[in-house]
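Thanks for coming. I will take the charged pairs first and then the enclosed space. Please have the structure open on your screens.

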Amino acid sequence: MKIRLNPEGKAETIRRIVERYATPRAGIHGSDAGYCGRKAVLNKTEFQPPPESLAIKFALGEALHQLLKSDVTVKEQEKDGIIFTVDEIGLELKTSRVSRHQILALLKATNEDDVSLEALAAAEAPVHWLRQMMGYAYVWKRSTFDLAALFINGNYSSKKDLPWIEPSYEPTLDDFTITFTKTELLDNWKWLKPRADAIRNALKNHELLPVTTRAYEWECDGCPYFEQWCKEEFEKLKGVS
């Protein structure tokens, strides 16, 4: 038996994966408005395909979606010029490489009758997932949505973080039914729609949005536009020469 690395085969597999995500989407999507506004604009004007590692992550998530989604999946719906693509009506599927402790705040909140988005944000819950689901719920006129979260690397956090869960590297799946109030859905839409309008206006006027239009600090990590389009501006904001 002889074993050798096959760089050509690897390159071809990676090429096929990256190629699937190598074309920017038309229109303003909920995911554009819900994350970094500058990146959303650059995705339309200076598009760069996702790096290899991110493309593979996308492919893993898409594989789960293809396996679990039903034949009645609604692909797209538009409201106020914002396009939403849902995995399945009433269900959002997520895959994550980080430890399951990311969802600790949601696990703890299952024992509460009412919990605010602000409280979950303070507890470092995946608020970006919740905001996305709230957009879906508002557009499809639903009060409840299920969140199925697959943690590929399981829960490798310490027992101090999750004392009732044994640390493990085995994949885990959590499923939550989340009920939103009408006020929460409307407030989220009031947050989302102006962000979409700002992206649309920036594209119309051939402008970039400020770097401060990112929704979360972690968005800059691994962003293909950061070094060329954002780093210098962030350093100026921090007072770094």
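Start with Glu-12, which pairs with Arg-16 in a salt bridge whose closest N and O atoms are 3.0 Å apart. Keep in mind that this is a predicted model. Why do Glu-12 and Arg-16 sit about one helical turn apart? Because they are 4 residues apart in helix 1, which covers residues 7-20. As for exposure, Glu-12 is partly exposed, at 29% relative accessible area. Arg-16 has a relative accessibility of 57% and so counts as exposed, the cut-off for that being over 50%.

The next pair is in helix 1 too. Glu-19 and Arg-15 form a salt bridge through their side chains, with 3.0 Å from N to O. The spacing here is again 4 residues, so about one helical turn separates Glu-19 from Arg-15. Arg-15 counts as partly exposed, with 37% relative accessibility.

Now move along the chain to helix 8, residues 182-204, which holds both Asp-197 and Arg-200. Their side chains meet in a salt bridge at 3.1 Å, N to O. Asp-197 and Arg-200 are 3 residues apart, about one turn of the helix. Both ends of this pair are partly exposed: Asp-197 has 25% relative accessibility, and Arg-200 has a relative accessible area of 29%.

Back to helix 1 for a moment. Which residues are joined into one network by salt bridges that share partners? They are Glu-12, Arg-15, Arg-16 and Glu-19. In total, the structure holds 9 salt bridges, and I have gone through some of them.

That leaves the enclosed space. How many cavities of 30 Å³ or more does a search of the whole structure find? The count is 1. The largest cavity contains about 80 Å³ of space.

Its lining includes Cys-36, Arg-38 and Lys-39, and further along the chain Val-211, Arg-214 and Glu-219. Cysteines in the lining include Cys-220, Cys-223 and Cys-230, and Phe-226 and Phe-234 are also there. Two or more lining residues come from each of helix 3, residues 37-45, and helix 9, residues 226-237. Helix 9 gives the largest share, 3 residues.

What is the make-up of that lining, by nonpolar, polar and charged residues? There are 7 nonpolar residues, no polar ones and 4 charged ones. Among the charged ones are Arg-38 and Glu-219.

That is what I have on the pairs and the cavity. I will take questions now.

Terms used:
Residues numbered from 1 in each chain as written. Predicted model: local features only at pLDDT ≥ 70, side-chain atom pairs only at ≥ 80, totals over all residues. Heavy atoms only, no water. 1 Å grid on protein atoms, 1.4 Å probe; cavity = no way out; pocket = protein on both sides within 12 Å on 5 of 7 lines; lining within 4 Å. Points joined across faces, edges and corners; volume = space filled by probe spheres on them. Salt bridge = Lys/Arg side-chain N within 4 Å of Asp/Glu carboxyl O. Buried < 20%, exposed > 50% of the residue type's maximum accessible area, 1.4 Å probe, protein only.
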